[in-house]
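This briefing covers ring pairs, ligand surroundings and a few single residues. Please keep the sequence and the 3D view open while reading.

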Amino acid sequence: MKPSAPPKTFRVKSFGCQMNVYDGERMAELLGEQGITPAPEGEEADLVILNTCHIREKAAEKVYSDIGRLVKAGEEAGKKPLIAVAGCVAQAEGEEIMARAPAVSIVVGPQAYHRLPAMLETATQGGRATDSDMPAIAKFDALPQRRKRAPAAFLTVQEGCDKFCTYCVVPYTRGAEISRPFKHLIAEAEKLVEAGAREITLLGQNVNAWTGEDDKGRAVGLDGLIRALAKLPDLQRIRYTTSHPNDFTPGLIAAHGEVDKLMPYLHLPVQSGNNRILKAMNRQHTAEDYLRILEQVRAARPDIALSGDFIVGFPGETEAEFADTLSIVDEVRYAACFSFKYSPRPGTPAATMDGQIAAEVMDARLQRLQQRIAHHQFAFNQASVGKTCTILVERTGRHPGQWLGKSPWLQSVWFEGEGAIGDLVEVELAEAGPNSLKGLVRHRATV
Ligand code: 5AD
Ligand code: SF4
């Protein structure tokens with residue numbers, strides 16, 4: 001490739017999970033330190049980072065169509081953007097990307113973002129740079145301090161996965177489980193709060209596997225970290241995602257009943273309601289184990305909103321086994337769920353299992369499952385009507401004078417009247433829709 005002028009503007013496009021959103025923000029801050037600024041809305045950027053997701057085939061293939069679109073848009077605007085591919089596709093298919101997409105100058109895996117400036121230098125000199133090493137914690141130490149001003153912020157506390165569910169690429173793309181040190185996390189949370197965050201969502205592929213040593217040198221789990229964060233006076237709300245049933249501790253369950261700032265919402269994936277399928281998935285828990293945890297969490301915090309992930313059409317799944325998934329959805333009465341068709345991922349054990357399910361069967365099962373999920377979500381929203389709760393205002397609504405925020409149960413709530421992003425507003429939930437609620441303002445507090 002020909003040498004090019006150093007980029008002045010950038011755009012980061014993050015796909016997939018919230019951990020990518022967090023990484024995308026950190027990369028943006030890093031580029032900011034290099035004097036590269038976000039491209040104005042509607043303008044082609046000099047540098048585009050595609051922060052990719054590899055979890056399902058559709059997500060992974062998207063990167064190639066996006067690259068094609070970027071090249072075309074660049075040609076039309078009379079420029080050639082530097083294209084960097086980051087995230088899990090970069091980790092898993094780095095060489096393939098370099099071979100298939102000559103327009104790409106940089107391939108950078110999720111643990112190597114701090115090396116972006118050096119890679120950019122190579123790229124502007126006309127070279128191509130790849131880095132998909134996995135030295136875990138180094139990335140967090142090397143990234144610049146947080147400068148984010150959003151009221152709801154993400155904080156990655158744990159990365160990676162040692163569980164090896166047979167369908168999943170995460171243990172290969174994000175590597176082994178690592179926990180960031182307690183004191184780094186408290187320091188980063190303090191910075192986020194100073195910069196205006198009122199809510200922090202702790203992120204990790206297995207966030208409840210987080211362990212560390214607190215400021216007194218005591219071994220603590222995620223509940224200890226949550227209790228320490230709850231002491232930050234201006235931090236009002238704490239959430240965490242995603243958890244694994246086998247890492248759920250009595251301490252974390254107790255925290256749900258005892259820590260007011262811990263929001264009454266739990267995302268705990270189960271994937272299937274059938275024990276034979278759970279075994280084939282290598283989940284290492286049964287449907288009953290899962291339900292027992294939810295029962296305990298509900299006992300600690302009766303109003304908790306529950307959410308889960310489901311996969312339909314895992315190899316060999318029979319109609320009766322799928323029906324067990326519908327049953328668990330009815331039994332739990334989730335407030336929200338994510339559901340997916342099984343997607344065979346290269347290199348995972350399930351991809352070569354017998355009994356791969358036909359696409360039409362998966363489509364039909366997904367539709368039936370999503371109907372059940374939508375039914376319970378709407379019922380949960382309807383049951384919230386009449387409750388008074390605090391909304392953290394995150395953005396303006398569709399019409400002037402409308403504001404949008406999240407309830408403690410992570411429902412989207414809109415209201416009319418005066419407001420500002422970052423306000424905590426007490427509303428009465430007045431009307432429920434399938435995906436959002438209308439609130440009537442009772443009291444406003446700017447914190
Ligand atoms: N096919 C379909 N869904 C998957 N997930 C993970 N791997 C696959 C796959 N191969 C889903 C799981 C997980 C969520 C993040 O993505 O439900 O919890
Ligand atoms: Fe993937 Fe299973 Fe690990 Fe979750 S627990 S990231 S589904 S391997």
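How many aromatic pairs does the count come to? The model is predicted, and the count comes to 4 aromatic pairs. Two of these pairs are described below, followed by the charges over rings, the two ligands and two buried residues.

**Aromatic pairs**

- A pair of aromatic rings is described by the distance of the centres and the angle of the planes.
- The rings of Tyr-167 and Phe-314 have centres 6.4 Å apart and planes at 85°; because an angle over 60 degrees counts as edge-to-face, this pair is edge-to-face.
- Tyr-167 belongs to the loop between β8 (158–159) and α6 (170–173), while Phe-314 belongs to the loop between β15 (305–312) and α12 (319–332), so the pair ties together parts 147 residues apart in sequence.
- Tyr-167 and Phe-314 are both buried.
- Phe-310 and Tyr-334 form an edge-to-face pair because their planes stand at 85°, with the ring centres 5.6 Å apart.
- This pair links distant parts of the chain, with Phe-310 in strand β15 and Tyr-334 in the loop between α12 and β16 (336–341), 24 residues apart.
- Phe-310 counts as buried because its relative accessibility is 0%, and Tyr-334 is buried as well, with a relative accessible area of 1%.
- Tyr-167, Phe-314 and Tyr-342 are linked into a cluster by ring pairs.

**Charges over rings**

- Arg-56 places its charged end over the ring of Phe-340, at 3.6 Å from the ring centre.
- Over the face of Trp-409 lies Lys-387, 4.6 Å from the centre of the ring.

**Ligand 1**

- The residues surrounding ligand 1 are Ile-55, Arg-56, Tyr-167, Gln-271, Asp-309, Ile-311, Phe-340, Lys-341, Tyr-342, Ser-343 and Arg-345.
- Arg-56 and Phe-340, the residues of a charge-over-ring arrangement, are among those surrounding ligand 1.
- Tyr-167 and Tyr-342, members of the ring cluster, also surround ligand 1.
- A polar side-chain atom of Gln-271 is 2.6 Å from an oxygen atom of ligand 1.
- The side chain of Asp-309 has an N or O atom 2.6 Å from an oxygen atom of ligand 1.
- Ser-343 contributes a polar backbone atom, 2.8 Å from a nitrogen atom of ligand 1.

**Ligand 2**

- Around ligand 2 are Cys-161, Lys-163, Phe-164, Cys-165, Tyr-167, Cys-168, Val-170, Pro-171, His-244 and Arg-283.
- This shell divides into 7 nonpolar residues, 1 polar residue and 2 charged residues.
- Tyr-167 is listed around ligand 2 and around ligand 1.

**His-376**

- His-376 is placed in helix α13 (residues 359–384).
- Is His-376 buried or exposed? His-376 counts as buried because its relative accessibility is 10%.
- Apart from neighbours within four places in sequence, His-376 is in contact with Val-329, Asp-330, Arg-333 and Tyr-334.
- Among these contacts, Tyr-334 is the residue whose ring pairs with Phe-310.

**Leu-82**

- Leu-82 is found in strand β4 (residues 82–86).
- With a relative accessible area of 10%, Leu-82 is buried.
- Not counting residues up to four places away in sequence, Leu-82 touches Ser-4, Pro-7, Asp-46, Leu-47, Val-48, Ser-105, Leu-120, Ala-123 and Thr-124.
- The C-alpha atoms of Leu-82 and Leu-410 are separated by 38 Å, and these residues are 328 residues apart along the chain.

Methods
Residues are numbered from 1 along each chain as its sequence is written. Chains are lettered from A and ligands numbered from 1 in the order in which they are written. This is a predicted model: local features need pLDDT of at least 70, side-chain atom pairs count only at pLDDT 80 or more; totals for chains, interfaces and linings use all residues. Side-chain values use heavy atoms; hydrogens and water are left out. A residue is near a molecule or strand if one of its heavy atoms lies within 4 Å of it. Ala, Val, Leu, Ile, Met, Phe, Trp, Tyr, Cys and Pro count as nonpolar, Asp, Glu, Lys and Arg as charged, and the others, Gly among them, as polar. Rings of Phe, Tyr and Trp (its six-membered ring) pair if their centres lie within 6.5 Å; planes under 30 degrees apart count as stacked, over 60 as edge-to-face and the rest as tilted. Helices (H or I, at least four residues) and strands (E, at least two) are DSSP runs, numbered from the N terminus. Buried means under 20% relative accessible area, exposed over 50%, partly exposed in between (1.4 Å probe, protein chains only). A charge sits over a ring if NZ of Lys or CZ of Arg is within 6 Å of the ring centre and within 35 degrees of the ring normal. Contact means heavy atoms within 4.5 Å. A polar contact is a pair of N or O atoms within 3.5 Å; within protein, one must be able to donate a hydrogen and the other to accept it, and residues adjacent in sequence count only if both atoms are side-chain atoms.
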